[in-house]
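Q: I have a structure open and would like to go through it slowly. Could you help me read it, one piece at a time?

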Amino acid sequence: MHGHHHFLHFLSSRELDELYISMALRSFALSMISIFIPIYLLKMGYQLTHVFTFYLIVTMTHIILAFPSAKISAKIGFKHSIFLSVPFLITFYFLMYTLDTLKWPLFLPATIFGIYSALFWVAYHMDFSKFSKSRERGKQVGVVFSLIFTFNALGPFVGGVIITTLGFHLLFIFASTLLLLSAVPLFFSQDFHEPFHFSFKKIFSLKRIKRNQKIRDGLSFFGFGVENVTFYVVWPIFIFFRILNNSYTTLGFIISLSIFFSTIFSFVIGFFSDINRRIILKIGSAATSVIWIIKSLVKTSYQVLFVDSLYGISRITMSVPFEAMSYDKANRTEVLKYIVFREITINFGRVFLLVLMISFSNFITGFLIASGLSLFLWFF
């Protein structure tokens, strides 16, 4: 594609190949541990409201730093920004590793994780927007999801086994080592810089997008944020304590199974989303909405296993066209500004759900809200 050959050049472009490999390693490291963090905090004696507040601080930090992160990415390059995020993530792991002995205030690791999140995701979405191809973007998103999910499917189960046999501390060390390795593939090609010519006040003044469409896009991102945080934070806590009898291995296996079904369908959904992204997105968001209603009714581990398998299919059907359409829209306007707009509105959705959980701590209400707001993606 670029007039040269490379050992990583197995998909559509050298830059995407490197990003795929980096994301696969990073995803494996994160998937081994991230799903267990809320449970780790609860096991240490923190209250449920403390755990939700922890993620609220992460999310608020991301919102505050999305704009500065965009400026940093534009100045030093997307790959360097991704690399810069890694020490913050490892520092976060160190703080969690020593939380029980050094008694860090909980806002400290939460803030560090929020810094990492803003630096990484703004740069990642910029990189993918720039180097993916419009006509093949659904397939390319499907490929990256498939590759990432292949590693993600193993991560929670492996993490659960390591926690059960060796403990949380060794899991933190192993994950940190993988994260360092994940940055290496990014630097087999030159970095890319995006011109940065806007202020914080102009983030929502997107060129070539009508005001009505900006509102629709914002609502879609908001709903996606609500659904996302419900799956990654609220759902694991609910099933671990209410249904799975505090079994790390069972929780890891169930989450891995959900990701496994996502992996199988991601490439297929990517192919069909290049034919008609909007129809696939509507099918996926409607199915995800229905499954969150079913999730609110589960009582046994077998029911959890079944419904999470279906969820793995529905969520990938929703996520692949949604991501592809996000990159399409970013490239039709000011790319960096649209990515910042996306990151801020998605995280406002997360804030909304987390504040609700802090106020009421009602899991079923959270699931039903995730169900309703999943349908916001129809506006996209």
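Q: To start with one residue, does Ser361 count as buried, partly exposed or exposed?
A: This is a predicted model, and in it Ser361 counts as partly exposed, because its relative accessibility is 26%, which lies between the cut-offs of 20% for buried and 50% for exposed.

Q: And where does Ser361 sit in the chain?
A: Ser361 is part of the loop that runs between H13 and helix H14, the latter covering residues 363–374. Its phi is positive, at about 50°, although Ser361 is not a glycine, and this residue comes just after H13.

Q: Which other residue, not a glycine, has a positive phi?
A: Lys103 is one of them, with a phi near 55°. Lys103 is in the loop between helix H5, residues 99–102, and helix H6, residues 107–131.

Q: Is Lys103 buried or exposed?
A: Lys103 counts as exposed, because its relative accessibility is 61% and the cut-off for exposed is over 50%.

Q: Back to H13, then: how far apart are its end C-alpha atoms?
A: They are 38 Å apart, and this agrees with the expected span, because the 26 residues of H13 at 1.5 Å a residue should also cover 38 Å.

Q: How many residues of H13 are buried?
A: Of its 26 residues, 20 are buried, so H13 is largely enclosed by the rest of the structure. Asn347 belongs to this helix, which spans residues 335–360, and Asn347 counts as buried because its relative accessible area is 2%, where the cut-off is under 20%.

Q: What is Asn347 in contact with, leaving aside its neighbours within four places in sequence?
A: Asn347 is in contact with Thr59, His62 and Ile63.

Q: New topic, the surface: which residues make the nonpolar patch of about 390 Å²?
A: That patch is made by Val268, Phe271, Phe272 and Ile275. Val268 has its place in helix H10, residues 248–273, and Val268 counts as partly exposed because its relative accessible area is 38%.

Q: Last thing, what is the average pLDDT of the protein?
A: The average is 85, and 92% of the residues score at least 70. Over residues 1–11, however, the pLDDT is below 50, and this stretch has 23 contacts in the model beyond near neighbours in sequence.

Definitions and conventions
Residues are numbered from 1 along each chain as its sequence is written. This is a predicted model: local features need pLDDT of at least 70, side-chain atom pairs count only at pLDDT 80 or more; totals for chains, interfaces and linings use all residues. Side-chain values use heavy atoms; hydrogens and water are left out. Helices (H or I, at least four residues) and strands (E, at least two) are DSSP runs, numbered from the N terminus. Buried means under 20% relative accessible area, exposed over 50%, partly exposed in between (1.4 Å probe, protein chains only). Contact means heavy atoms within 4.5 Å. Patches are made of residues with over 30% relative accessible area and no salt bridge: like charges are joined within 9 Å, nonpolar side chains (Val, Leu, Ile, Met, Phe, Trp, Tyr) within 5 Å. Accessible areas come from the Shrake-Rupley method with a 1.4 Å probe; for residues, only the protein chains shown count as cover. A salt bridge is a side-chain nitrogen of Lys or Arg within 4 Å of a carboxyl oxygen of Asp or Glu. The expected span of a helix is 1.5 Å times one less than its number of residues. pLDDT is the predictor's confidence in each residue, from 0 to 100.
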